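Open the model in your viewer and keep the sequence panel beside it, so that each selection can be followed in both places. The tour goes from one stop to the next, and at each stop you are told what to select and what is there.

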Amino acid sequence: MVETVEHVDAYVARFERFESEGAKGRYPWLLPIRKAAMARFAELGFPTTRHEEWRFTNIAPVAGGTFNQAGQQALAVNPKILESVRISEDESGLVFVNGRLAKGVSDELTLPSGVRVLSLAAAMDRESNLLEGHLARHANYQENALAALNTALMEDGAVVIVPKGKAATTPVHLVFVSDAAQGPIALHGRVLVIADESSQVDVVETHVGQDGHSYFNNPVTEVFAGENAVARHYKIIRESDEAYHLATTTLHQKRNSVVNSYTLTLGGRIVRNDIESQLDGEGADSHIDGLYLTDGEQLVDNHLRVDHLKPHASSREFFKGVLSGRSRGVFSGRIFVAQVAQKTDAKQSNMSLLLSDEAQVDSKPQLEIFADDVKCTHGATIGQVDRDAVFYLRSRGISERDAVSILVHAFARESLEHIPLGVLRQKLEGLLTERLPHTALVKEDV
């Protein structure tokens with residue numbers, strides 16, 4: 001415990017240096033938020049398994065570890081990494097290395113009139129008035145210690161702005177590359193998406209690192225969807241096998257808006273995805289879906305909360321997991337319905353497939369309802385490969401290994417069908433096929 005407190009103090013000291021080195025005099029509206037966030041982090045400290053919301057996820061390696069601040073020098077990016085994460089030829093976006101914009105490898109953005117995609121550092125200068133209304137206004141740093149740490153120490157990241165009535169016609173791809181070749185580092189990247197009234201945007205956020213590198217990635221994403229807006233946010237996690245990815249994503253919706261959120265987790269030693277949706281407008285429609293594949297000693301925790309705050313809104317959650325080796329999965333999903341949120345329609349589903357006797361899943365669906373005229377359901381299943389289905393396929397001349405592979409792939413692939421963006425769905429199907437074992441027959445089908 002003493003050691004953990006000392007590490008919290010180290011982050012406090014880092015903030016004090018950050019403040020003295022320039023943060024104090026810039027953006028007067030932001031400094032009080034940063035200071036309040038750091039004070040809150042110092043008060044809360046890192047979560048432990050004694051906290052109910054973290055009961056199954058032990059992040060002691062992060063709380064007790066030493067992760068230095070990433071340097072400010074420009075680092076070269078392996079072109080193979082960028083090529084491997086690319087989704088389509090016509091995408092446009094930005095690349096960040098160790099949390100800072102890498103201009104040399106970012107795309108020259110061709111965007112519809114009025115649509116802006118900037119680094120956070122640039123947006124602070126050019127869009128300060130707009131940022132003041134949204135940045136750190138949606139992610140709850142008062143209750144979330146990791147969001148508080150990010151809010152205090154964030155320096156760069158991406159801001160996507162789609163004005164009223166505009167549409168970003170091609171996906172915006174934000175790539176975050178972590179390079180910890182020089183030693184363990186901590187990263188606090190920030191993404192803010194502002195989709196104004198009757199606008200539309202697809203944003204893909206990819207996090208990638210090189211296996212063997214240890215780092216603590218603590219990203220925060222805020223997505224705001226104005227009235228009648230359609231905002232789709234996709235996240236692909238391909239971190240190093242020694243990385244800790246503890247992320248917060250907050251989705252805030254206004255009247256008749258539609259938000260899709262999809263999270264695919266393929267890498268990382270410990271991954272925690274905190275996703276919170278606030279349906280703050282009548283007729284808002286939220287879809288939060290995801291898939292994770294684990295192996296070895298990996299732990300992936302998907303922690304969801306959907307707040308229905310206004311009437312006639314709907315939400316759907318659909319998460320799947322495929323676990324091998326001694327890996328562990330955690331799913332926690334809470335649907336909260338305020339007393340005023342009559343006619344709420346909410347559904348949550350979590351399914352997990354265990355491919356080994358030592359893999360383990362903890363699933364915790366929850367409903368908290370204060371309105372009396374609602375439709376709310378949840379369900380969770382945990383199982384192994386259906387042996388009857390394997391027997392059927394074997395009776396058709398397919399080997400047992402291929403039969404299992406076909407069934408596992410079909411189980412996982414169902415999740416990808418929830419992705420509206422076709423080009424991304426095709427990309428992720430390819431990643432899925434590469435990751436799952438013995439997929440010769442499946443590859444022929446893709």
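Begin by selecting Thr 344, which counts as buried at 1% relative accessibility; here buried means under 20% relative accessible area, exposed means over 50%, and partly exposed is in between, with a 1.4 Å probe and protein chains only. Thr 344 has its place in the loop between β19 (328-337) and β20; helices (H or I, at least four residues) and strands (E, at least two) are DSSP runs, numbered from the N terminus. Leaving aside its neighbours within four places in sequence, Thr 344 is in contact with His 308, Lys 310, Ala 313, Val 337, Asp 373, Val 374, Lys 375 and Cys 376, where contact means heavy atoms within 4.5 Å.

Before going on, note that this is a predicted model, in which local features need pLDDT of at least 70 and side-chain atom pairs count only at pLDDT 80 or more, while totals for chains, interfaces and linings use all residues. Residues are numbered from 1 along each chain as its sequence is written, and side-chain values use heavy atoms, with hydrogens and water left out.

**The sheet**

Now select the strands β3, β2, β6, β9, β12, β14, β16, β18, β20 and β22, which in that order form an open sheet of 10 strands with mixed pairing; two strands pair if DSSP finds at least two bridges between them. The edge strands are β3 (100-101) and β22 (375-383), each of which pairs on one side only. At the β3 edge, two bridges join β3 to strand β2 (residues 92-97), and these two strands run antiparallel. To see this pairing, select Val 97, which stands opposite Arg 100 in β3.

Move next to strand β6 (residues 172-178), which pairs with β2 in the parallel sense over six bridges. Val 95 has Val 175 in β6 as its bridge partner. How many of the residues of β6 are buried? Seven of the seven are, so β6 is largely enclosed by the rest of the structure. If you show the side chains, Val 172, Leu 174, Phe 176 and Ser 178 point one way from β6, whereas His 173, Val 175 and Val 177 point the other way.

Strand β9 (residues 200-209) is the next selection, and this strand is mostly covered, with nine of its 10 residues buried. Seven bridges join β9 to β6 in a parallel run, and Ser 178 stands opposite Gly 209 in β9. With strand β12 (residues 230-238), β9 pairs in the parallel sense over nine bridges, and the bridge partner of Thr 206 in β12 is Ile 236.

**Two helices**

Select helix α9 (residues 400-416), which packs on the sheet and touches β14 (258-265), β16 (285-294), β18 (314-323) and β20 (345-354). Add helix α10 (residues 422-435): the axes of α9 and α10 come within 10 Å and cross at roughly 155°, where axes are lines fitted to C-alpha atoms, for helices over the stretch in contact, and angles run from 0 to 180 degrees between N-to-C directions. That makes α9 roughly antiparallel to α10, a term used for angles over 145 degrees. Where the two helices meet, His 409, Ala 412, Arg 413 and Leu 416 in α9 face Arg 425, Leu 428, Glu 429, Leu 432 and Thr 433 in α10.

**The nonpolar core**

For the last stop, select Tyr 11, Phe 41, Phe 46, Leu 131, Leu 135 and Phe 216, which have the most contacts inside the largest nonpolar core, a set of 45 residues; such a core consists of buried Ala, Val, Leu, Ile, Met, Phe, Trp, Tyr and Cys residues joined through side-chain atoms within 4.5 Å. The largest share of this core, six residues, comes from α7. Leaving aside its neighbours within four places in sequence, Phe 216 is in contact with residues including Tyr 11, Phe 46, Leu 146 and Leu 149. A second, separate core of 31 residues includes Ala 225, Leu 251, Ile 275 and Leu 279.

How values were computed: Angles under 35 degrees count as roughly parallel, over 145 as roughly antiparallel, 65 to 115 as roughly perpendicular and the rest as oblique.
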